[in-house]
2 protein chains.
Amino acid sequence: MKTVKAQVKEDLLKTLTELFRENGYDGASLSRIMEATGLVKASLYHRFAGGKEEMAEAVLDRTSQTFAGDLLAPLSAPGEPSERLAQTAARLKKFYRSGGLPCLLDTLTLNSNNQGIRRRARGALQYWIDTFAAFARECGHPPATARRRAEDAIAALEGGLVLARVSGNRQPFLRALESLPERLMQ
Amino acid sequence: MKTVKAQVKEDLLKTLTELFRENGYDGASLSRIMEATGLVKASLYHRFAGGKEEMAEAVLDRTSQTFAGDLLAPLSAPGEPSERLAQTAARLKKFYRSGGLPCLLDTLTLNSNNQGIRRRARGALQYWIDTFAAFARECGHPPATARRRAEDAIAALEGGLVLARVSGNRQPFLRALESLPERLMQ
DNA sequence: GTCTATAGCTTGATAGAC
DNA sequence: GTCTATCAAGCTATAGAC
């Protein structure tokens, strides 16, 4: 019973994530959300009393959990570093569909003055950087270098996603993925 | 007489560029445009019969001209390569205010199904890549390598801008600028 | 070439029945 | 927890006077 209800909520959040990710905050209008979820506005407001802002915040929270609990988890787990990084790279590749899907941090922070959204996006990016940096330190890099390499690696990924969206060319994103070992380990 | 008129138009385009750049297509509403330009809607439609879409297209055209005629011009000019690249880097740094200002290619292509906008953004990015690649070839890189390095250099810049917008940290963008020589020349 | 005034639609959000 | 019906406000766009 409870698991069924939780699954329904999870499916709803999945659909909302897709919408905000591909259309941004402004572009994810309630009418589009209604169409995609099959729920009418009043029903959506029953589940998210805070309206669209609360939906976006829930989407960011869920995606942060995905990053921490799945995509980046291997980097904090035991095992051989190169293999753990390869796992994270493979999961990132799938998550961004080889560059075919945008990043929420990019699309959701544009023109969003909402404090809850900005704080969550900032926190999610920080966690990503911290995790990459900790892994680089484990691989022998001094703290300052590790942080720099972590930031540059993520910037390469994000930039690759921008280029993919603008021109359709996914190669820069894929190369950014492939370059993770030399960026964080060597 | 004519130069005065042209200057007025140039100032208007400058204001429009700022608005689209920082707020995206959806966020740059006509009311904000009215406020920023001091013109009322009907006056704006007198200058841009095609409405907001035509404004965005004009902004992209103007920015493409800025890239070709100013920012990237040194790379196609005679002189010592390292000095020419340094000039372009300095101009890019100023153009993006050290990472404090977003890139139109990123903010204007989100949720924009308009064909004219997408085509122009794609063309502008292609020109940027081509110019970087031609410079890298001049510096001795084979064509395929040159293109790859050009794409990766621009991805690093675009990613740095994303990180700057999300977290406020401009270091990744500044490092991407500083790394241009080793990316395109060495 | 600028303005006032207005049209028509979409937006996010609520009230209240069932 | 879902729905119908409705709201005020915002949006892009246009008509027409000066």
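User: If a residue counts as near a strand when one of its heavy atoms lies within 4 Å of it, how do the residues of the surface near DNA strand D divide by class?
Analyst: The model is a predicted one. Thirteen residues surround DNA strand D, and those coming nearest are Ala42(A), Arg47(A), Ser31(B), Lys41(B) and Tyr45(B). Sugar and phosphate account for 55% of the atoms of the strand that come within 4 Å of the protein. By class, the residues of this surface are five nonpolar, five polar and three charged.

User: Which helix gives the largest share of the surface near DNA strand D?
Analyst: At least two residues each are supplied by helix 3 (41-47) of chain A and by helix 2 (30-37), helix 3 (41-47) and helix 4 (51-71) of chain B. The largest share amounts to four residues, and its source is helix 3 of chain A.

User: How far is a polar side-chain atom of Tyr45(B) from a phosphate oxygen of DNA strand D?
Analyst: A polar backbone atom of Val40(A) is 3.4 Å from a phosphate oxygen of the strand, while for a polar side-chain atom of Lys52(B) the corresponding distance is 2.8 Å. For Tyr45(B), where a polar side-chain atom again faces a phosphate oxygen of DNA strand D, the distance is 2.3 Å.

User: How are helix 5 of chain B and helix 7 of chain B oriented to each other, roughly parallel or roughly antiparallel?
Analyst: Helix 5 (residues 81-95) and helix 7 (residues 115-138) of chain B pack with their axes 11 Å apart, at an angle of about 155°, and their crossing is left-handed. Their contact involves residues including Leu85(B) of helix 5 and Trp128(B) of helix 7. Because angles over 145 degrees count as such, the two helices are roughly antiparallel.

Technical notes. Residues are numbered from 1 along each chain as its sequence is written. Chains are lettered from A and ligands numbered from 1 in the order in which they are written. This is a predicted model: local features need pLDDT of at least 70, side-chain atom pairs count only at pLDDT 80 or more; totals for chains, interfaces and linings use all residues. Side-chain values use heavy atoms; hydrogens and water are left out. A residue is near a molecule or strand if one of its heavy atoms lies within 4 Å of it. A polar contact is a pair of N or O atoms within 3.5 Å; within protein, one must be able to donate a hydrogen and the other to accept it, and residues adjacent in sequence count only if both atoms are side-chain atoms. Ala, Val, Leu, Ile, Met, Phe, Trp, Tyr, Cys and Pro count as nonpolar, Asp, Glu, Lys and Arg as charged, and the others, Gly among them, as polar. Axes are lines fitted to C-alpha atoms, for helices over the stretch in contact, and angles run from 0 to 180 degrees between N-to-C directions. Angles under 35 degrees count as roughly parallel, over 145 as roughly antiparallel, 65 to 115 as roughly perpendicular and the rest as oblique. A crossing is left-handed if the near helix is turned anticlockwise from the far one by less than a right angle, and right-handed if clockwise. Contact means heavy atoms within 4.5 Å.
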